[in-house]
Amino acid sequence: MSDVAAGGGAAWSPERSAAGGHNPYLIAFVVSIATFMEVLDTTIANVALRHIAGGLAVGIDESTYVITSYLVANAIVLSISGWLSTVIGRKRFYMICVGTFAFASLLCGLAWSLEALVLFRIIQGLGGGGMATSEQAILADSFPPAKRGQAFAIYGVAVVVAPVVGPTLGGWITDTYSWHWIFLINVPMGLLSLFLVGALVKEPSGAERERRELLKDGLRVDYIGFVLVAIGLGSLEFVLDEGQRKDWFGSNMIVGFALASAICLIALIPWELTRKDPIVDLRLLGRRQFGSCFLVMLCTGAVLISSTQLLPQLLQTELNYTALLAGLALSPGGVVTLILMPVVGHLVSRVQPKYLIAIGGCIVAFSMWHLTGLNGDITYGYAALARIFLSAGLPFLFLPVTTASYDDVPPDKTNQASALINVARNIGGSMGVALAQTALAQRQQFHQSRLVEHAAPSDIGYQQTIDTMTRFFQAQGSNASDAASQAVAWVGQTLQRQVDLLAYIDVFWMLSIIGLVMIPLALIIKPVDLTAPPKGH
């Protein structure tokens with residue numbers, strides 16, 4: 001394999017490292033601080049929506065724009081962050097993103113109206129969009145291929161554990177203090193990150209030389225590509241996030257955004273493939289290795305984010321858990337992920353990524369299948385165990401995918417590769433949530449229509465149940481008339497609970513199938529040369 005073909009492999013050189021004279025693991029920890037903060041903020045905000053709506057005197061539907069505005073801005077910047085990182089310089093771009101995010105967080109915490117909060121969330125999304133991409137590219141260039149798995153284990157803690165911690169921390173902050181603090185806590189973390197990055201991280205000389213080479217004939221900006229990406233991904237994110245609330249294609253607004261997204265993303269393909277300096281290098285998706293990793297990351301994001309939202313939702317709506325207790329059900333899974341990340345990081349340099357990913361797909365499918373055993377009497381331990389199973393599988397997916405995606409990618413394309421892999425995780429998460437919530441609503445309607453057939457006065461089973469419950473309520477002290485009404489109400493509540501549980505079971509079956517799909521995708525990935533020594537200068 002040639003140097004260029006090896007990309008992230010044999011073509012690695014120490015001059016591309018951002019560590020300078022410092023320990024690269026220290027750099028990995030430093031650049032993970034801000035990414036952890038950004039991913040954490042996204043999940044915390046979901047928990048606090050009702051508090052935000054009450055504090056700003058708006059409806060819960062209106063408050064959802066606090067989430068949508070951030071995701072749209074985030075998706076736009078994320079898609080072009082690889083190009084921006086190359087043009088501006090990796091360290092400078094990263095620090096600009098962190099500074100913007102921290103300042104916007106301060107403004108969000110001080111917001112006086114919904115309009116102001118949405119505006120500040122857009123600015124916050126613009127800052128947050130480039131963090132994960134820049135960090136991932138810094139890690140890919142700072143570590144030789146044999147040690148990348150261990151480096152990405154630190155990064156993995158940020159993007160996998162943060163969604164687990166988010167609901168718990170968000171519930172505690174909003175219950176104990178106020179929603180303003182879910183944004184204000186980002187300010188000291190952002191300042192700490194800026195100080196440490198400024199003091200310890202250096203601009204890689206190899207990346208700096210590529211930047212000068214790119215700019216020597218003047219900056220060529222792919223304006224049309226930028227517009228197509230911004231409208232295409234921004235509209236897609238809006239459709240995915242707002243579709244269920246607005247009845248999907250029954251809404252003219254959703255139809256309009258969906259058409260805009262489809263037209264722009266379709267037009268983007270021939271346009272970017274014919275540019276010398278594309279703002280998004282779609283050619284990477286045509287590579288067998290990178291394209292397979294992209295699809296696996298899409299599925300991983302879908303299962304991780306949708307299950308992170310579904311499980312607390314199930315516990316709160318069906319089992320009457322508090323927001324804090326529902327979030328705590330996810331916490332044991334976070335501990336398992338923390339333990340397994342370094343273990344899998346060690347395995348990545350010794351076992352072919354395709355096999356680790358296949359194992360991860362099996363574990364994820366099993367964890368979702370485990371949740372299909374739901375019933376009205378499940379315990380806290382059942383829910384926590386399901387999350388532990390899922391969390392055990394995530395390191396086997398996230399780390400090998402992230403590591404293998406840089407194999408066969410030229411070093412000057414690591415920024416673009418980072419951007420696309422993170423786009424896959426974010427868009428996959430949005431698609432997973434949209435798919436899960438839509439399937440949940442549709443299956444609720446289906447099961448309700450079927451179960452109601454057996455709740456007719458002419459049904460013998462229904463009559464026997466009403467008679468039994470009427471006698472029960474009479475034994476509790478109610479008169480005959482009240483007891484009969486209470487019996488009918490009890491049957492209605494029980495039926496609705498069964499409808500909801502059956503719908504959740506169907507959704508978990510669907511997520512289990514997505515986990516199984518990752519297995520054949522993993523087997524497409526080419527073997528990686530785990531023995532090739534890095535090439536120095």
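Over which residues does pLDDT stay under 50? In this predicted model, that stretch is residues 1-10, and the views below start from the whole chain and end there. Residues are numbered from 1 along each chain as its sequence is written, and side-chain values use heavy atoms, without hydrogens or water. Because the model is predicted, local features need pLDDT of at least 70 and side-chain atom pairs count only at pLDDT 80 or more, while totals for chains, interfaces and linings use all residues.

**View 1. The chain holds 22 helices and 0 strands.** Helices (H or I, at least four residues) and strands (E, at least two) are DSSP runs, numbered from the N terminus. Of the 537 residues, 57% count as buried, meaning under 20% relative accessible area with a 1.4 Å probe, protein chains only.

**View 2. Here is S307 in helix α15, residues 288-319.** Why does S307 count as buried? Its relative accessibility is 3%. Beyond its neighbours within four places in sequence, S307 is in contact (heavy atoms within 4.5 Å) with P312, M368, R387 and L390.

**View 3. Confidence is highest in helix α18, residues 353-370.** The pLDDT, the predictor's confidence in each residue from 0 to 100, has a mean of 91 in α18. For the chain, the mean is 79, and 88% of residues reach 70 or more.

**View 4. Confidence is lowest in helix α1, residues 3-6, at a mean of 34.** Residues 1-10, with pLDDT under 50, have 24 contacts beyond four places in sequence in the model. Over residues 533-537 the pLDDT is also below 50, and this stretch has 11 contacts beyond near neighbours in sequence.

Definitions and conventions: Buried < 20%, exposed > 50% of the residue type's maximum accessible area, 1.4 Å probe, protein only.
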